[in-house]
Amino acid sequence: MTMTLTEAGLTLADPSAYADEARLHQALSLLRRDEPVHWVEAAGYHPFWAVTRHADIMEIERDHAVFRNAPRPVLAKAETDERMERSRAEGTALRTLIHMDDPQHRVTRAIGADWFKPRAMRAMEQRVRELARQYVDRMSEYGGECDFTTQVATHYPLYVILSLLGLPESDFPRMLKLTQQLFGGTDKEFQRGGTTEDIMATLLDFFTYFHRLTAARRDTPTDDLASAIANARVDGELLSDYDAASYYVIIATAGHDTTSSTISGGLHALIEHPAELARLREDPALLPTAVEEMIRWVTPVKEFMRTAAADTRVNGVAVREGESVLLSYPSANRDEAVFTDPFRFDAGRDPNKHLAFGFGVHYCLGAALARMETRALFDELLPRLDSIELAGTPEWMSTTFVGGLKHLPIRYRLK
Ligand code: HEM
């Protein structure tokens, strides 16, 4: 089916387009080729520039003095943008790392940064491996058939991140539900009701839970990340309850659906490319490049936005102060100018300069953790896998922000 540039631009604000990868990539390829900086006016949204080339996205992220995260870090309905604006004026808005710019961003990021450095990851690796093994054992218990997304991939990364935060296991199901409501906000299967009110209600639930956590950790500090956040001082002052709660929210949400989508999508890619699966099983040393390729292939974060703080240009196109640009990571990660044969899943791809974790000062804080978790799961699963195939039709989530497979029915034999 042919598509005009206007139609291609509109797909970026259409959650259902992300559940149909062929249509999405047709639109993104067209935009990359013919109008890589394209103005989109979609009903219900404030207009924005869609930026689809790898080099332009890097350039924008590098120039963080001009391209700011505030006030519009992600694509949302105009009414949600306005509601957030009012909350900000009242001092009750979510203020996470992705809502901040320097200098506030730099000092706030530093509070959690040490917990995600490779050294800290090595210390956690043993625990993560044990969890990975438990989830593969569970696959054995399911008797050769399961929905890999809902029964394995959704739980394992949540368990890891909530353990790192230090939350009690009995609270995990509640966190799972809230995360899915927030991130899967536009998919009918997960949403409360999908309105701005529903999103605000989900946020309020998060805040209420985390306010209590801050108080508890200030009362009795422990050696978990939640304690580090609750007791951190910026210019000698403890974080406000809102800022502490915002920090937990970004860790709990960003660390979860992203990695589970990568794990599900990665397994799906291996099932769809049996030669790559065989290659990886023959040569397990390929696992690090295979994991990187899974992250590129899935690109679970579909976009972030920046807003110009001054008149500027992107790839020769004038962008005025106050206008927003949408950084299309799935498009960057199929850019023919950067990747040889970008639509081929190549377990040994090297180099692989994908932008799935973003770039620059906001580069994903949890990248090392996400890589380690994904590697641990496949390291446990692949040697035990005798056979694997689809047992039904996979389904993708409708979203414009974070997502991937919501159902992956598989049939398998494990050793
Ligand atoms: C930021 C992707 C896993 C925590 C980001 C950004 C992207 C991203 C694209 C924005 C970067 C930018 O603006 O340039 C991913 C992907 C993941 C993943 C693809 C899994 C494969 C995680 C995990 C955590 C995490 C496991 C653990 C807590 C964060 C945080 C930020 C962030 C806190 C905000 C950083 C900032 O604004 O300074 N991530 N992420 N992410 N990610 Fe991840």
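Helices α4 and α10 are oblique to each other, because their angle falls outside the ranges for the other classes (under 35 degrees counts as roughly parallel, over 145 as roughly antiparallel, 65 to 115 as roughly perpendicular, and the rest as oblique). This is a predicted model, in which local features need pLDDT of at least 70, side-chain atom pairs count only at pLDDT 80 or more, and totals for chains, interfaces and linings use all residues. Residues are numbered from 1 along each chain as its sequence is written. The chain has 17 helices and 14 strands, where helices (H or I, at least four residues) and strands (E, at least two) are DSSP runs numbered from the N terminus.

**Overall size**

- The chain has 415 residues and a radius of gyration of 21 Å, which agrees with the value near 22 Å for a compact globule.
- That radius is taken over C-alpha atoms, and the globule rule is 2.2 Å times the number of residues to the power 0.38.
- Along the principal axes, the C-alpha atoms of the chain fill a box of roughly 60 × 60 × 40 Å.

**Helix α4 against α10**

- Two packed helices are described by the angle between their axes and the distance between the axes.
- Helix α4 (residues 78-90) packs on helix α10 (residues 196-219) at about 45 degrees, with the axes 10 Å apart.
- Axes are lines fitted to C-alpha atoms, for helices over the stretch in contact, and angles run from 0 to 180 degrees between N-to-C directions.
- The crossing of α4 past α10 is right-handed (the near helix is turned clockwise from the far one by less than a right angle; anticlockwise would be left-handed).
- Glu 79, Thr 80 and Arg 83 of α4 meet Thr 196, Ile 199 and Met 200 of α10, contact being C-beta atoms, placed from the backbone, within 7 Å.
- The residues of this contact of α4 with α10 divide into 2 nonpolar, 2 polar and 2 charged.
- Ala, Val, Leu, Ile, Met, Phe, Trp, Tyr, Cys and Pro count as nonpolar, Asp, Glu, Lys and Arg as charged, and the others, Gly among them, as polar.

**Helix α12 and its partners**

- The axes of α10 and α12 come within 9 Å and cross at roughly 110 degrees, so α10 and α12 are roughly perpendicular to each other.
- In α10, Phe 206, Phe 207, Phe 210, His 211, Leu 213 and Thr 214 meet Asp 241, Ala 244, Ala 245, Tyr 248 and Val 249 in α12.
- This contact of α10 with α12 has 8 nonpolar, 2 polar and 1 charged residues.
- Helix α8 (residues 155-165) and α12 have axes that come within 9 Å and cross at roughly 155 degrees, and α8 and α12 are therefore roughly antiparallel.
- Ile 161, Leu 162 and Leu 165 of α8 make the contact with Tyr 248, Ile 251 and Ala 252 of α12.
- The contact of α8 with α12 has 6 nonpolar, no polar and no charged residues.

**Ligand surroundings**

- Of the 29 residues around the ligand, Gly 255, Gly 358, His 362, Cys 364 and Gly 366 come nearest (a residue counts as near if its C-beta atom, placed from the backbone, lies within 6 Å).
- Elements giving two or more residues to this shell are α12 (241-254), α13 (257-272) and α17 (367-381).
- The shell has 19 nonpolar, 8 polar and 2 charged residues.

**Backbone exceptions**

- Most residues other than glycine have a negative phi, and most peptide bonds are trans.
- A cis peptide bond, with omega about 0 degrees, joins Ala 70 and Pro 71; Pro 71 lies in the loop between β3 (67-68) and α4.
- The bond from Asp 350 to Pro 351 is also cis, with omega near 5 degrees, and Pro 351 is in the loop between α16 (329-332) and α17.
- Asp 235 has a positive phi, near 50 degrees, and lies in the loop between β5 (233-234) and β6 (237-238).

Conventions: Contact = placed C-beta atoms within 7 Å.
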